[in-house]
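Please look at the model shown below, and then read the report that follows it.

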2 protein chains.
Amino acid sequence: MRQHPQPPISTIVLTDVLAALSDPVRLDIVAALKQDGERGSTEFGCKVSSSTLSHHIRQLCEAGLLQHRKEGTRCFVSLRPELEQKFPGLIDSVLRFAPKEIAA
Amino acid sequence: MRQHPQPPISTIVLTDVLAALSDPVRLDIVAALKQDGERGSTEFGCKVSSSTLSHHIRQLCEAGLLQHRKEGTRCFVSLRPELEQKFPGLIDSVLRFAPKEIAA
DNA sequence: TTCGATGTTCGACGAAGATCGAATGTAGGG
DNA sequence: CCCTACATTCGATCTTCGTCGAACATCGAA
């Protein structure tokens with residue numbers, strides 16, 4: 001149960017980022033984090049099981065989009081700020097068209 | 001051998017567009033078309049077989065990114081202009097970071 | 001009509017992905 | 001130390017994807 005791996009910024013690849021964003025569940029997660037900055041890793045209004053949610057969060061981490069933090073027994077995730085330097089404006093451009101079905 | 005289907009603009013979905021762009025071959029195709037406007041459907045410097053190329057072009061058409069034109073025995077593809085109205089700026093934002101390995 | 005060039009479709013294949021429930025690990029509280 | 005809450009991992013299942021070569025369809029030309 002250690003934290004998810006985070007690739008160095010230099011190895012982040014555009015197609016992997018797009019692939020990570022191409023799933024509705026993951027797009028919702030990213031949209032929520034863009035709005036809130038950080039959330040507990042279970043506090044997304046997803047209809048998927050917790051194991052599936054964990055899977056999606058892992059994918060986002062491995063693609064370089066998210067960072068993962070543990071605090072006691074809870075986990076928190078947020079967008080990686082370096083991503084904005086690597087692909088400035090990209091996330092905003094995509095999120096602009098994402099339907100905001102983000103659960104509170 | 002009829003032309004590939006083109007969905008009406010209203011049914012084009014963001015996640016499908018992102019998925020279409022998340023493959024390196026398809027991203028190259030879109031980048032080349034953005035630059036040239038139109039190309040013969042085989043005139044991409046792809047290393048994949050013609051059947052695979054045809055498959056990718058079909059995917060791009062079905063996702064709503066490309067339009068397909070026949071002229072005699074040749075085929076030409078180009079970006080769908082309506083896409084810019086549906087998702088203004090999106091393609092440019094993505095292509096800005098696409099490595100330009102586009103064969104002439 | 002036969003041929004050649006151009007594209008598309010058809011299996012087939014392995015790889016990757018989405019999903020779930022069950023099992024496991026980890027921390028904090030009694 | 002045991003229990004519970006939380007999160008991840010594992011195993012299983014199904015689906016989708018990228019790829020190829022082969023087969024097929026279509027058009028224009030000889």
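Which residues of α2(A) are buried? This is a predicted model, in which local features need pLDDT of at least 70, side-chain atom pairs count only at pLDDT 80 or more, and totals for chains, interfaces and linings use all residues. Residues are numbered from 1 along each chain as its sequence is written, chains are lettered from A in the order in which they are written, and side-chain values use heavy atoms, with hydrogens and water left out.

The buried residues of α2(A) (under 20% relative accessible area, 1.4 Å probe, protein chains only) are A:V25, A:R26, A:L27, A:D28, A:I29, A:V30, A:A31, A:A32 and A:L33. Helices here are DSSP runs of H or I with at least four residues, numbered from the N terminus. Because the expected span is 1.5 Å times one less than the number of residues, the 13 residues of α2(A) should span 18 Å, and the end C-alpha atoms are indeed 18 Å apart. At the N-terminal end of α2(A), a side-chain oxygen of the capping residue A:D23 lies 2.9 Å from the backbone nitrogen of A:V25, while the helix is followed by A:G37, whose phi is positive, near 85°.

Turning to the two chains, 18 residues of chain A are in contact (heavy atoms within 4.5 Å) with 18 residues of chain B. The table sorts the side of chain A that touches chain B by class, with Gly counted as polar.

| Class | Residues of chain A |
|---|---|
| nonpolar | 12 residues |
| polar | three residues |
| charged | three residues |

Definitions and conventions. Helices (H or I, at least four residues) and strands (E, at least two) are DSSP runs, numbered from the N terminus. Buried means under 20% relative accessible area, exposed over 50%, partly exposed in between (1.4 Å probe, protein chains only). A polar contact is a pair of N or O atoms within 3.5 Å; within protein, one must be able to donate a hydrogen and the other to accept it, and residues adjacent in sequence count only if both atoms are side-chain atoms.
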